[in-house]
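Okay everyone, thanks for coming. I'll put the model up on the screen, and then I'll walk you through the parts I looked at.

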There are 2 protein chains.
Amino acid sequence: MAAIIANILHTMNNRENDSIDVLLDYQSQKLQDLIEEIVQCCKERTSFLSKKFDIPEAELRCLMLFGEERYLTAKGISQKLDVAKSRVTKIINGLVKKRLVESIDDPKDARIKLIGLTSKGQKKSRELSDFTKDLHQKLLLEFEPEQRKMVISCLEILRASMEAVKNQMV
Amino acid sequence: MAAIIANILHTMNNRENDSIDVLLDYQSQKLQDLIEEIVQCCKERTSFLSKKFDIPEAELRCLMLFGEERYLTAKGISQKLDVAKSRVTKIINGLVKKRLVESIDDPKDARIKLIGLTSKGQKKSRELSDFTKDLHQKLLLEFEPEQRKMVISCLEILRASMEAVKNQMV
DNA sequence: TCCTTAAGTACATAGCATGAACCATTATTG
DNA sequence: CAATAATGGTTCATGCTATGTACTTAAGGA
């Protein structure tokens, strides 16, 4: 089917005026489908990780925030995960129940609770980041070496353009 | 920061052996971040559409299935959306309540209900697909004309590679 | 006719996420 | 310094996403 369309396009290409519109139509449809499929694949990946590590997706995402920082606050997590702070309470509760995280009172400010990984949490977090790193390395190795740089810069273009369209839409 | 790393990489590049590993590390991290951001942007887009059209995301997705086919069955929808059939019942109920869809009994098989768009549903569906088509066209137009083909083929490579990694993971 | 399979629904359960109301505690300001 | 405002967190009500099991009805084959 795609081949047929491509063929039609090809025969029309160097002849007429509105063939440009046809090409644009075809390309934007293609773009839409590809993005759709890629996003779908990523969704499956996160769902897979959640099952593999037996931790809900939101909690996994939270666990991965402790990359650099030793301690995080509920507010900080709320901002990084881009969710309401009431949501963070739930997520932290889940992680505390699993003994992956523990919260201590901030000695300076009694309102604040400092959330930190337990050693069990550090282990899980490490495993998780190792796994996803490995996954993306495998992905990279699927490309031909010359393609790698190109794919990355294409994604950079795509991301920037998506950002631009988003802003232009307000 | 990225510039510094890139610089380090550059000075190391044509000299030593394990600089390849460093490059791979850098690139896979980059890849991970880019994919993350792109997926995030898509999530925001669907959430935006849901608010704009005042219809839950799952129902929107369902509405978009009536592209070619006149009627769909619950089972068919379940397969296309890749959700449990009990989920489909809920989704259809929502759409029926909004008078966007109606179900009639299959004259041939009393077990089956044929789901079809109402005229109101057709209108919404059309609006929706027009909007997303426009969006992707805008996106395409953000690229330089020469880039368009390249970005698309890069996404094709990416999609194929993700598929490959997924299969290789079982 | 009996049994199996298929289509669809109901219900219990779980996760994701928000927003409003609320309780402490800290900061500000008159 | 005391009243008030702002901040950090929790609780609760609500709604969407999604699954799986059990159930009903219908179709179709042995």
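**Two chains and two DNA strands**

So, let's start with burial: of the 170 residues of chain A, 20% count as buried, where buried is 20 or more other C-beta atoms within 10 Å of a residue's own, exposed is 12 or fewer, partly exposed is in between, and C-beta atoms are placed from the backbone. A quick word on where this comes from: it's a predicted model, where local features need pLDDT of at least 70 and side-chain atom pairs count only at pLDDT 80 or more, while totals for chains, interfaces and linings use all residues. Residues are numbered from 1 along each chain as its sequence is written, and chains are lettered from A and ligands numbered from 1 in the order in which they are written.

Now the fold. Chain A has seven helices and three strands, which are DSSP runs numbered from the N terminus, with helices being H or I of at least four residues and strands being E of at least two. Going along the sequence, the pattern in chain A is α-α-α-β-α-α-β-β-α-α. Take H6(A): its 24 residues should span 34 Å at 1.5 Å a residue, and its end C-alpha atoms are 35 Å apart, which agrees. The expected span here is 1.5 Å times one less than the number of residues. Buried residues in H6(A) are Gly121(A), Lys124(A), Ser125(A), His136(A), Leu139(A) and Leu140(A).

Okay, how do the two chains meet? Here 39 residues of chain A are in contact with 39 residues of chain B, contact being C-beta atoms, placed from the backbone, within 7 Å. On chain A's side, H2, H6 and H7 each give two or more residues, and H7(A) has the largest share with 16. By class, that side has 22 nonpolar, eight polar and nine charged residues. For the classes, Ala, Val, Leu, Ile, Met, Phe, Trp, Tyr, Cys and Pro are nonpolar, Asp, Glu, Lys and Arg are charged, and the others, Gly among them, are polar.

And what about symmetry? Chain A lays on chain B with an RMSD of 0.0 Å after a turn of 180 degrees and a shift of 0.0 Å along the axis, superposed by least squares on C-alpha atoms of residues with pLDDT of at least 70 in both. The two copies are thus related as by a two-fold rotation axis. In chain A, Val39(A) comes closest to that axis, its C-alpha at 2.9 Å. Also, 100% of chain A's interface residues are interface residues in chain B too, so the copies meet through the same surface.

Next, the largest nonpolar core, which has 24 residues, with Val151(A) and Val151(B) making the most contacts inside it. A core here means buried Ala, Val, Leu, Ile, Met, Phe, Trp, Tyr and Cys residues joined through C-beta atoms within 7 Å. Leaving aside neighbours within four places in sequence, Val151(A) contacts Phe143(A), Cys154(B), Ile157(B) and Leu158(B).

Last stop, the DNA. Around strand C there are 20 residues, and Pro56(A), Val83(A), Ser86(A), Ala110(A) and Ser86(B) come nearest; near means a C-beta atom, placed from the backbone, within 6 Å. H5(B) supplies the largest share of that surface, four residues. Its classes are eight nonpolar, four polar and eight charged. Over at strand D, there are again 20 residues around the DNA, with Ser86(A), Pro56(B), Val83(B), Ser86(B) and Ala110(B) nearest.

Conventions
Contact = placed C-beta atoms within 7 Å.
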